[in-house]
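Please open the structure in your viewer and keep the selection tool at hand. The tour proceeds by selections, each followed by a description of what is found there.

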Amino acid sequence: MRIDVVTIFPGLFGPFLETSLVGKARAAGLVEIEAWDLRDFTSDRHRSVDDEPYGGGGGMVMTAPPWLAAMDRIGADRSVHRILLSPQGDRLDDARVRKLAEVGDLVLMCGRYEGIDERVRELVVDEELSIGDYVLNGGEVAAMVVIEAVCRQVPGVVGLADSVENESFRNGLLDYPHYTRPPVVGGLSVPEVLRSGDHKAISEWRRRMALRATRAKRPDLLDEG
Ligand code: ADE
């Protein structure tokens with residue numbers, strides 16, 4: 001799995017790429033991730049990446065040439081899947097995360113300002129993705145969401161394959177409640193069944209709780225299923 005990120009703020013990705021599961025996955029060579037500075041693909045003295053919009057109006061638009069130069073260079077030697085993060089994109093969900101993990105070679109393009117010259121979209125973008133119906137300052141945080149979610153799907157990244165297979169959404173249900181020591185907290189005890197050692201009963205209880213949580217919090221998941 002390889003992911004290239006193109007952004008005007010590569011520094012945002014430093015600690016993120018070095019920490020926790022993503023950091024470990026990179027250190028173990030399971031995923032390769034690189035953040036590129038879009039400004040390195042500019043050709044003017046000011047390294048500018050934006051300009052006023054044709055037709056007027058407020059805000060600035062990211063210009064096409066640095067993006068096209070970046071896309072010429074990144075993945076020039078292989079087949080890559082280019083994703084523009086934007087609030088106009090298709091909504092990211094578990095099914096799409098799994099598809100992206102199968103694609104294996106992704107370029108994440110982080111837009112900023114009012115948007116990106118439409119011709120970039122037409123010429124080089126394979127897919128446009130949004131992480132939700134709200135507007136962020138740019139695609140960087142959304143790219144991190146994609147990276148973290150996709151990396152979890154790479155075999156070996158999450159210690160127990162079981163924990164990816166069984167977590168929320170994979171089986172169409174939300175997660176069941178989890179408990180650990182101490183047995184009583186604020187007067188609340190751990191459900192007896194979890195301390196019974198009866199694995200069949202525990203498994204049934206977890207399934208019941210997952211169903212109950214899904215019905216209460218995300219009934220739409222049951223309707224679709
Ligand atoms: N850039 C700005 N807002 C975004 C969103 N909701 N999803 C993805 N990229 C974005």
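Which strands each supply at least two residues of the shell around the ligand? To find out, select β5 (81-91) and β8 (127-130), since these are the two strands concerned. Please bear in mind throughout that this is a predicted model.

**The ligand and its shell**

With the ligand displayed, colour β5 separately: this strand gives three residues to the shell, the largest share. Next, select Ser86, Ile131, Gly132, Tyr134 and Leu136, which come nearest among the 13 residues around the ligand. If the shell is then coloured by residue class, eight nonpolar and five polar residues appear, and no charged ones.

Now show the backbone atoms of three of these residues in turn. At Tyr134, a polar backbone atom lies 2.8 Å from a nitrogen atom of the ligand. At Ile131, the distance from a polar backbone atom to a ligand nitrogen atom is 3.0 Å. At Ser86, a backbone N or O atom is found 3.2 Å from a nitrogen atom of the ligand. The ligand has 260 Å² of accessible area on its own, and the protein covers 97% of it. Display the pockets if the viewer permits: the ligand takes up the space of the second largest pocket.

**A sheet of three strands**

Leave the ligand and select β3, β4 and β7. These strands form an open sheet in the order β3-β4-β7, with mixed pairing. At its edges are β3 (50-51) and β7 (115-116), each of which pairs on one side only. Zoom in on β3 together with β4 (residues 61-62): the two strands run antiparallel to each other and are paired over two bridges. Within this pair, select Asp50 and look across to β4, where Met62 stands opposite.

**Backbone details**

Three further selections concern backbone geometry.

- Select Arg181 and Pro182: the peptide bond joining them is cis, with omega at about 0°. Pro182 belongs to the loop between α7 (161-165) and β9 (184-185).
- Select Ser20, which is placed in helix α2 (residues 20-27). Its phi is near 55°, a positive value in a residue other than glycine.
- Select Tyr113, located in the loop between β6 (105-110) and β7. For Tyr113, too, phi is positive, near 55°, and the residue is not glycine.

Notes. Residues numbered from 1 in each chain as written. Predicted model: local features only at pLDDT ≥ 70, side-chain atom pairs only at ≥ 80, totals over all residues. Heavy atoms only, no water. Near = heavy atom within 4 Å. Polar contact = N/O pair within 3.5 Å; in protein donor to acceptor, adjacent residues only side chain to side chain. Areas by Shrake-Rupley, 256 points an atom, 1.4 Å probe, with all protein chains shown as cover. 1 Å grid on protein atoms, 1.4 Å probe; cavity = no way out; pocket = protein on both sides within 12 Å on 5 of 7 lines; lining within 4 Å. Sits in = over half its atoms within 2 Å of the grid points. Helix = DSSP H or I, 4+ residues; strand = E, 2+ residues; numbered from the N terminus. Nonpolar A, V, L, I, M, F, W, Y, C, P; charged D, E, K, R; others polar. Pairing = 2+ DSSP bridges.
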